[in-house]
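Thanks, everyone, for making time this morning. I would like to walk you through the open and enclosed spaces in one model, and then finish with a short look at one of its helices.

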Amino acid sequence: MHSILVIGAGKIGSTIVDMLNETGDYDVTVADNSAAALEAVAKDGIKTIQLDFNDAVALQSILKGHYAVLSAAPYHLTGHVAQAARLADVNYFDLTEDVATTRMVKELAEGASTAFIPQCGLAPGFISIVAHDIASRFDKLDTVRLRVGALPQYPSNALSYNLTWSTDGVINEYIERCEAVVDGRLREVPAMEELEEFSLDGTRYEAFNTSGGLGTLCETLDGKVRNLNYKTIRYPGHCGLMRVLLNDLGLRNRREVLKDILENAVPATMQDMVIVFVTVTGERGGRYVQETYARSIYGQTVAGTQRTAIQVTTAAGICAMLDLLVAGKLPKQGFVRQEEIDLDTFLANRFGRVYAGERLDEDHEPAVKNIRLDAVA
């Protein structure tokens with residue numbers, strides 16, 4: 001059994017722990033600074049450690065001897081975990097959407113004897129695997145558009161939104177600048193801009209720039225594509241109201257205040273869905289063509305606990321990458337990009353099949369349905 005340390009026992013971390021522990025193939029330990037969070041995740045076979053993530057010495061010490069560390073810590077703590085993994089010679093995985101953190105991980109990976117595999121969630125993560133797979137089938141690329149949304153199934157407030165994952169992560173992607181390729185040039189564009197509307201399966205949505213969703217795809221496709229961008233999907237009206245909070249009320253400079261407002265005014269929900277929507281246009285066989293991948297994914301039960309769609313998809317992504325490393329299907333050292341993984345290989349994995357239309361529990365109905373494209377503006 002491979003010894004795995006999961007950093008963070010929150011919504012995503014606890015789902016990762018349950019997924020890995022249920023297989024019986026991993027010896028799982030979870031670390032968190034909250035005794036209550038650790039108590040909630042503790043089950044037969046799962047070891048827990050209470051830890052201050054800012055204590056670099058303690059962090060490095062508990063990493064030693066593990067095969068891999070999976071970071072489900074808040075984005076601003078992820079860099080500490082990566083540094084400790086390098087010093088402890090431990091394989092490293094994370095879920096971060098933070099661009100600066102990923103650049104740090106890439107630097108740490110240089111000359112490392114172990115693998116450094118960041119951005120293993122939904123977006124960044126699976127979305128890059130899909131986009132690269134489609135793009136590889138074109139003779140010449142023109143435009144690659146990636147759209148992802150974690151949405152309530154039944155929106156009932158003015159924001160048309162419910163909290164389903166890290167509030168810190170949502171705020172960070174709404175504020176930090178975004179990478180894109182525009183007219184063949186790698187650029188940074190502002191978050192919450194370039195608003196668009198489109199329809200999927202008869203439902204109207206909006207999408208706007210958010211930070212981090214492309215992962216390393218900009219570097220991979222730089223010089224090969226004319227336009228490449230990532231946007232977050234929400235219900236119409238959400239972007240305008242968030243701009244009021246961030247810009248007019250100045251809360252982009254008071255993140256803790258904004259976090260407090262959102263967590264006390266916007267309810268959480270277990271009834272969510274994840275939309276994955278990738279469109280690629282370019283030349284193939286002498287013709288200008290378009291290929292689209294679209295899925296909607298819903299929550300399911302994992303190890304006897306009901307999990308949201310965003311929890312399941314994010315946790316499944318990082319667990320699949322761990323499985324693939326163990327199986328020898330990924331480079332065993334250095335920096336590994338998400339788009340280096342073959343889509344079919346990912347979907348064939350026992351965790352990756354969540355995205356392919358299967359539940360982890362075979363007794364349930366499929367958790368994924370294809371989306372019929374009505375019109376795209």
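Let me begin with the second largest pocket, in which about 180 Å³ of space lies, and let me say at once that what you see is a predicted model. This pocket is lined by 14 residues, and those nearest its centre are Arg-103, Glu-179, Gly-215, Thr-216 and Glu-219. Helix 5, residues 99-109, and helix 8, residues 217-221, each supply at least two residues of that lining, with helix 5 giving the most, namely four residues. If you are thinking about the chemistry of the surface, the lining of the second largest pocket divides into three nonpolar, five polar and six charged residues.

The largest pocket has a volume of about 960 Å³. It is lined by 46 residues, of which Ile-12, Ala-72, Trp-165, Ser-166 and Thr-167 are the closest to its centre. Several elements each supply at least two residues of this lining, among them helix 1 (11-23), helix 4, strand 7 (140-152), helix 7 (167-175) and helix 11 (309-326). By class, the lining of the largest pocket comprises 22 nonpolar, 15 polar and nine charged residues.

Turning to enclosed space, a search of the whole structure finds three cavities of 30 Å³ or more, and the largest of these has a volume of about 60 Å³. Among the residues that line the largest cavity are Val-99, Cys-178, Thr-210, Leu-214 and Tyr-230, together with Glu-179 and Gly-215, two residues that I have already named for the centre of the second largest pocket. Four nonpolar residues, four polar and one charged make up the lining of this cavity.

For context on the chain, an unreviewed UniProt entry annotates residues 121-345 as a "Saccharopine dehydrogenase-like C-terminal" domain. Over residues 121-345 the chain is 30% helix and 34% strand, with the end C-alpha atoms 16 Å apart.

Finally, which residues of helix 3 are buried? In this helix, which spans residues 56-63, they are Leu-59, Ile-62 and Leu-63, and, seen down the helix axis, the buried residues fall within an arc of 105°, so they line one face of helix 3. As a reminder, an α-helix has 3.6 residues a turn, so residues three or four places apart point the same way. What covers the buried residues of helix 3 includes strand 1 (2-7), strand 2 (26-32), strand 3 (47-50), strand 4 (68-71) and helix 4 (75-88). After helix 3 comes Gly-65, with a positive phi near 95°.

Conventions:
Residues are numbered from 1 along each chain as its sequence is written. This is a predicted model: local features need pLDDT of at least 70, side-chain atom pairs count only at pLDDT 80 or more; totals for chains, interfaces and linings use all residues. Side-chain values use heavy atoms; hydrogens and water are left out. On a 1 Å grid over the protein atoms alone, a cavity is a set of points where a 1.4 Å probe fits but cannot get out, and a pocket is an open set with protein on both sides within 12 Å along at least five of seven lines; lining residues have an atom within 4 Å of a point. Grid points are joined across faces, edges and corners, and a volume is the space filled by probe spheres set on the points. Ala, Val, Leu, Ile, Met, Phe, Trp, Tyr, Cys and Pro count as nonpolar, Asp, Glu, Lys and Arg as charged, and the others, Gly among them, as polar. UniProt positions are given in the numbering used here, feature names are shortened, and annotations may be inferred rather than shown by experiment. Buried means under 20% relative accessible area, exposed over 50%, partly exposed in between (1.4 Å probe, protein chains only). The arc is that of the directions from the helix axis to the C-beta atoms. Contact means heavy atoms within 4.5 Å.
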